[in-house]
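This briefing sets out selected structural features for a reader who has the sequence and the coordinates at hand. The topics are sheet architecture, one strand residue, aromatic pairs and cysteines.

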Amino acid sequence: MASSFIYLITVFFLSAFLAVMGSSRFDELFQPSWALDHVTYESEVLKLKLDNYSGSGFSSKSKYMFGKTTVQIKLIEGDSAGTVTAFYMSSDGPTHNEFDFEFLGNTTGEPYLVQTNIYVNGVGNREQRLSLWFDPTVDFHSYSILWNQQQVVFMVDETPIRVYRNKEKNGIPFPKDQAMGVYSSIWNADDWATQGGRVKTDWTHAPFFSSYRGFEIDACECPSVASPADNFKRCSSGGATQYWWDHPVMSELSVHQSHQLIWVKANHMIYDYCTDYARFSVSPPECKGR
């Protein structure tokens with residue numbers, strides 16, 4: 001018990017230290033992936049631009065299996081209706097796994113919404129939508145994805161807003177067999193993003209910019225030529241405690257984090273696919289007993 005407590009304290013302070021000291025330059029970890037003329041990087045702040053010609057995006061230079069990735073984002077100011085800024089992890093192919101943050105633009109004065117989604121073996125439809133407890137256009141805030149063999153945790157300023165747990169023992173697939181890249185993009189989605197597509201993008205406010213800094217990837221890097229089995233072996237600690245994310249205390253939320261998640265759900269949850277009975281006459285299997 002004492003050793004677990006000491007380790008938990010160590011992880012806490014290490015995470016706090018990395019939050020201050022662990023950021024990398026954009027070009028150490030990432031590269032522009034499309035519309036290169038819409039991507040600018042100056043004074044350690046990267047900007048993605050959206051106008052009525054194109055959106056833009058970037059991707060990690062490597063792929064990873066398990067670990068944590070974080071980026072600080074300042075979202076589009078003013079009237080951003082119809083736009084989406086995404087930060088996500090994804091593998092390749094039709095049976096891909098994917099963990100999504102999608103920030104849905106708003107009309108002036110309305111709150112920004114964040115939608116999360118999870119794809120497992122190519123199947124998504126696991127949306128949750130929340131409001132934020134701050135204005136994400138005024139300053140930078142950190143958005144993180146923690147992924148290990150037991151859970152996927154979405155965090156905002158280190159506060160968990162969603163947990164997807166491993167329920168393989170109940171026959172429910174869990175994403176742990178595909179290396180994933182880290183991506184971000186901005187694009188026009190006014191057919192659905194703001195009030196179900198009722199509010200369209202006002203291009204007189206273009207160009208739109210999302211700003212980024214604080215790029216962090218603390219994860220197991222996977223060689224591009226390695227097989228999924230080799231990657232899993234490489235990135236799993238097994239009996240040893242080689243990776244911090246495999247330590248038992250990381251297999252579930254701490255008591256404090258659990259209380260934070262309860263608060264988020266009680267005060268900021270707007271939509272949860274698990275309770276959309278009109279959409280799912282039978283509750284999705286991963287929703288039971290969560």
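Helix and strand axes are lines fitted to C-alpha atoms, for helices over the stretch in contact, and angles run from 0 to 180 degrees between N-to-C directions. On that basis, helix H4 (residues 255-268) lies across strands S9 (128-131) and S15 and runs at about 95° to S15. The model is predicted. It holds an open sheet of eight strands, two disulfides and 24 aromatic pairs.

**Sheet architecture**

- The eight strands of the open sheet follow the order S1-S4-S13-S6-S7-S8-S9-S15, and their pairing is antiparallel.
- S1 and strand S15 (269-272) form the edges, each pairing on one side only.
- From one strand to the next, the twist averages 15°.
- Within the sheet, strand S6 (residues 83-90) and strand S7 (residues 98-104) run antiparallel and are joined by seven bridges.
- Thr85 stands opposite Phe103 of S7.

**Val114 in strand S8**

- Val114 belongs to strand S8 (residues 113-119) and is buried, with a relative accessible area of 1%; the value falls under the 20% limit for burial.
- Leaving aside residues up to four places away in sequence, Val114 touches Phe101, Glu102, Phe103, Gln128, Arg129, Leu130 and Leu132.
- Phe101 is 13 residues from Val114 in sequence, and their C-alpha atoms are 6.7 Å apart in space.

**Aromatic residues**

- The ring centres of Phe30 and Phe215 are 5.7 Å apart and the planes meet at 55°, so this pair is tilted; edge-to-face would require an angle over 60 degrees.
- This pair links distant parts of the chain, with Phe30 in strand S1 (residues 30-34) and Phe215 in strand S14 (residues 208-222), 185 residues apart.
- Phe30 and Phe215 are both buried.
- Trp133 and Phe134 form an edge-to-face pair, with 5.6 Å between centres and 90° between planes.
- Trp133 is partly exposed at 30% relative accessible area, whereas Phe134 counts as buried at 17%; the two values lie on either side of the 20% limit.
- One aromatic cluster is formed by Phe26, Phe30, Tyr41, Phe58, Tyr212 and Phe215.
- Lys47 lies over the face of Phe209, at 5.9 Å from the ring centre.

**Cysteines and disulfides**

- Cys220 is joined to Cys235 by a disulfide with an S to S distance of 2.1 Å; the angle about the S-S bond is -75°, and the link is left-handed.
- This disulfide connects strand S14, which holds Cys220, to helix H3 (residues 228-235), which holds Cys235; the two cysteines are 15 residues apart.
- Cys220 is buried at 5% relative accessible area, and Cys235 is buried at 0%.
- A disulfide also joins Cys274 to Cys287, with an S to S distance of 1.9 Å; this link is left-handed, with -75° about the S-S bond.
- Cys274 and Cys287 are 13 residues apart, and each is in the segment after S15; both are buried.
- With the bonded cysteines numbered in sequence order, the pairing is 1-2, 3-4.
- The closest cysteine sulfur to that of Cys222 belongs to Cys235, at 3.8 Å, which is too far for a bond because a disulfide requires sulfur atoms within 2.5 Å.
- Cys222 counts as buried at 7% relative accessibility.

Definitions and conventions:
Residues are numbered from 1 along each chain as its sequence is written. This is a predicted model: local features need pLDDT of at least 70, side-chain atom pairs count only at pLDDT 80 or more; totals for chains, interfaces and linings use all residues. Side-chain values use heavy atoms; hydrogens and water are left out. Rings of Phe, Tyr and Trp (its six-membered ring) pair if their centres lie within 6.5 Å; planes under 30 degrees apart count as stacked, over 60 as edge-to-face and the rest as tilted. Helices (H or I, at least four residues) and strands (E, at least two) are DSSP runs, numbered from the N terminus. Buried means under 20% relative accessible area, exposed over 50%, partly exposed in between (1.4 Å probe, protein chains only). A charge sits over a ring if NZ of Lys or CZ of Arg is within 6 Å of the ring centre and within 35 degrees of the ring normal. Contact means heavy atoms within 4.5 Å. Two strands pair if DSSP finds at least two bridges between them.
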